[in-house]
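Subject: Two-chain model for you

Hello,

Here is the model I promised to hand over. Please load it first, then read the notes below.

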Amino acid sequence: MIIKQISIFVENKPGRLAEITKIIAKNNINIRALSVADTTHFGILRIIVDDPEEVERVLKAEGLTVSITSVITACIHNRPGGLAEVLELLASNDITIEYMYAFIAKSENEAYVVMRIEAEGAAVELLKEHGFTGME
Amino acid sequence: MAKYFNEAMETATRDQLYHLQSYNLSRTIHHVYKNMPMYRERMDAIGLKPEDIHSIDDLHKLPFTYKQDLRDGYPYGMFCVEPKNLIRIHASSGTTGKQTVVGYTQNDIDLWAECAARALVAAGADKDDFVHVSYGYGLFTGGLGLHDGAQKMGATVIPASSGNTARQVTMLQDFGSSILCCTPSYALFIADTLKEQGITLDKIHLKAGLFGAEPWTEQMRAEIEERLGIKAYDIYGLSEISGPGVAYDCECQNGMHINEDHFLIEIIDPDTGEVLPDGEQGEVVFTCITKEALPLIRYRTHDISSITHEKCACGRTFVRMQKPCGRSDDMLIIRGVNVFPSQIESVLLSCGTVDPHYMIYVDRKNNLDIMEIQVEVSADNFSDHVKGMEEMAAKINAGMQSTLGLASKITFVEPGTIPRSEGKAKRVVDKRKLH
């Protein structure tokens, strides 16, 4: 349920995101999921990949600023209300989410939500208790 | 209207000045040798005795004094009088967090006020004038320096201090301000504000302004004169020597007259220390010959300029210096505040960046200086969420505020984007075109 996410600092200038994704492609890294947090001057590209430690090493060698963060994934139903269900569960237990994003799983009926939660242990326990599974 | 504040002194013959300066230099060297251990050691080290200084022709034999000496003696180690004889302290931002502290006796304040009064009168001020001082009041010498000068010449002082431009503009209209004293960029900012508020020049009563504490150009002078409908005069000073009034423009606006009965000027080659002749550019060095508390000898200002002894049409015999056209160190003057890149580096270090790579961009927008600091992100300061990065920027900015008293914009950039240089790193891009 807990997986490693790669975060990359991206300066907010034209073409920079394309350049960085090109570096990722060149190193034969498949992005399974991604999100970009953006501000006026910079963005943070967050990606889920198969071998995060190796990808961290490769991207650092390319001169990028990279960090690894642990995030929680939960499999939800790909239907109206699927996301609300998990968010309500966390909210009613006073667990706050720093940021999140979602993507469709291989099966069309399911989606994954990726969440960065400070109270990681409590969140995992709660989700498991309620029958949620995560990405392994 | 009097043309000079102190005609006898300002128009003294060079011969009279030579004898007066030589006498005062010799007296000051005896005083310093006796009361400033740091300088005595420096003279002893080269076997120089106060008796060896007979006239100003011997000035070049004396060792230099540096800003570092003031730092080493922080706060009062260089003072040559008992603390009880001091009547005021001023300070400017130093290079490494600690301020450069200076002190004055009653005589020191009086002679400084006289110098500032001469500058005001040379700019056309007289007893009937209302002198509006928009320099900051406080440890910075700008505010109180012009204040004392205006009071000394019998004008009416409006101690407006800096900031709150809307209120300043109201005062300019209602209080009858006729002489404006502030930084040149602030004068232009006031002109912008007048325009914004639709206030025409016939609603204000300014006739002249004394501007200094930061570098400015002849183009800026022309712009200030046109937009405020006044004559704009340059005034030069530094707290280590006294404050504003060390040198001042006359009506010819053709180089600033040094108050040579109090301060000796030399232009030196900053690398060899050799004294350069008239007209040649080099580092400005001052020697105080009448001060009591802090009579610095051959103080290296790091300002780059040149001097001329040519006779001035105004009748003053004092030597003139050109507007400083740069620095021989990396000091920046931003909104009148002295800023050293090393101060910025120390703030970055204190905010947890282990090996900071940064570049300082200074620009002038709407006539106000702005400073942007670009910092490369690294493992030390990179946070995976936006809030963390914003908190880091706010922390750095708060550090800049408390160290420099200046707001700055912090921008994070990718590693490797700030050019690396061999040897001395280039830390500053100044886009203001001040020289």
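Where in chain A does Asp94(A) lie? The answer is the loop between α3 (82-92) and β5 of chain A. Asp94(A) deserves a mention for its backbone. Its phi is near 60°, a positive value in a residue other than glycine. Keep in mind that this is a predicted model.

Chain A

Chain A has four helices and six strands. From the N terminus on, the order is β-α-β-β-α-β-α-β-β-α. The radius of gyration of chain A is 16 Å, and the globule rule gives 14 Å for 136 residues. The two values are close, so chain A is as compact as a globular protein of that length. Its C-alpha trace spans about 40 × 30 × 25 Å along the principal axes.

Several strand pairings can be followed from one to the next. Start at strand β1 (residues 2-11) of chain A. This strand pairs with strand β4 (residues 66-77) of chain A, antiparallel, over seven bridges. Within that pairing, Ser7(A) sits opposite Ser67(A) of β4(A).

β4(A) also pairs with strand β6 (residues 110-117) of chain A. That pairing is antiparallel too, with six bridges. Two positions help to locate it. Ala74(A) stands opposite Val113(A) in β6(A). His77(A) stands opposite Glu110(A) in β6(A).

β6(A) in turn pairs with strand β5 (residues 97-104) of chain A. Again the sense is antiparallel, and there are seven bridges. Tyr101(A) has Val114(A) in β6(A) as its bridge partner. β5(A) and β6(A) form a hairpin, with five residues between them.

Chain B: domains

The domain assignment splits chain B into domain 1 (7-328) and domain 2 (333-430). Their C-alpha centres lie 31 Å apart. Contact between the two takes 14 residues from domain 1 of chain B and 15 residues from domain 2 of chain B. On the domain 1 side, helix α8 (residues 184-196) of chain B gives the largest share, four residues. By class, that side has four nonpolar, eight polar and two charged residues.

α8(B) also packs against helix α9 (residues 218-228) of chain B. The angle is about 35°, and the axes are 10 Å apart. The crossing is left-handed. From α8(B), the contact uses Pro184(B), Ala187(B), Leu188(B) and Ala191(B). From α9(B) come Met220(B), Glu223(B), Ile224(B), Arg227(B) and Leu228(B). In this helix contact seven residues are nonpolar, none is polar and two are charged.

One peptide bond in chain B should be checked by eye. The bond from Tyr74(B) to Pro75(B) is cis, with omega near -5°. Pro75(B) lies in the loop between α4 (67-72) and β1 (88-92) of chain B.

Chain B: a four-strand sheet

Four strands of chain B form an open sheet, in the order β19-β18-β17-β20. The pairing is mixed. β19 and β20 (428-430) of chain B are the edge strands, each pairing on one side only. From one strand to the next, the twist averages 20°.

Strand β17 (residues 358-365) of chain B and strand β18 (residues 368-376) of chain B pair in the antiparallel sense. They do so over eight bridges. Asp363(B) has Ile370(B) in β18(B) as its bridge partner. Helix α10 (residues 341-350) of chain B packs on this sheet. α10(B) touches β17, β18 and β20 of chain B, and its direction makes about 120° with that of β17(B).

Between the chains

How many residues of chain B are in contact with chain A? Twelve, and they meet 15 residues of chain A. Strand β19 (residues 409-413) of chain B supplies the largest share of the chain B side, three residues. That side divides into six nonpolar, four polar and two charged residues. β19(B) is thus worth viewing twice: as an edge strand of the sheet, and as a contributor to the side that touches chain A.

Best wishes

How values were computed. Residues are numbered from 1 along each chain as its sequence is written. Chains are lettered from A and ligands numbered from 1 in the order in which they are written. This is a predicted model: local features need pLDDT of at least 70, side-chain atom pairs count only at pLDDT 80 or more; totals for chains, interfaces and linings use all residues. Two residues are in contact if their C-beta atoms, placed from the backbone, lie within 7 Å. Helices (H or I, at least four residues) and strands (E, at least two) are DSSP runs, numbered from the N terminus. Ala, Val, Leu, Ile, Met, Phe, Trp, Tyr, Cys and Pro count as nonpolar, Asp, Glu, Lys and Arg as charged, and the others, Gly among them, as polar. Domain bounds come from an automatic or database domain assignment. Axes are lines fitted to C-alpha atoms, for helices over the stretch in contact, and angles run from 0 to 180 degrees between N-to-C directions. A crossing is left-handed if the near helix is turned anticlockwise from the far one by less than a right angle, and right-handed if clockwise. Two strands pair if DSSP finds at least two bridges between them. The radius of gyration is taken over C-alpha atoms; the globule rule is 2.2 Å times the number of residues to the power 0.38.
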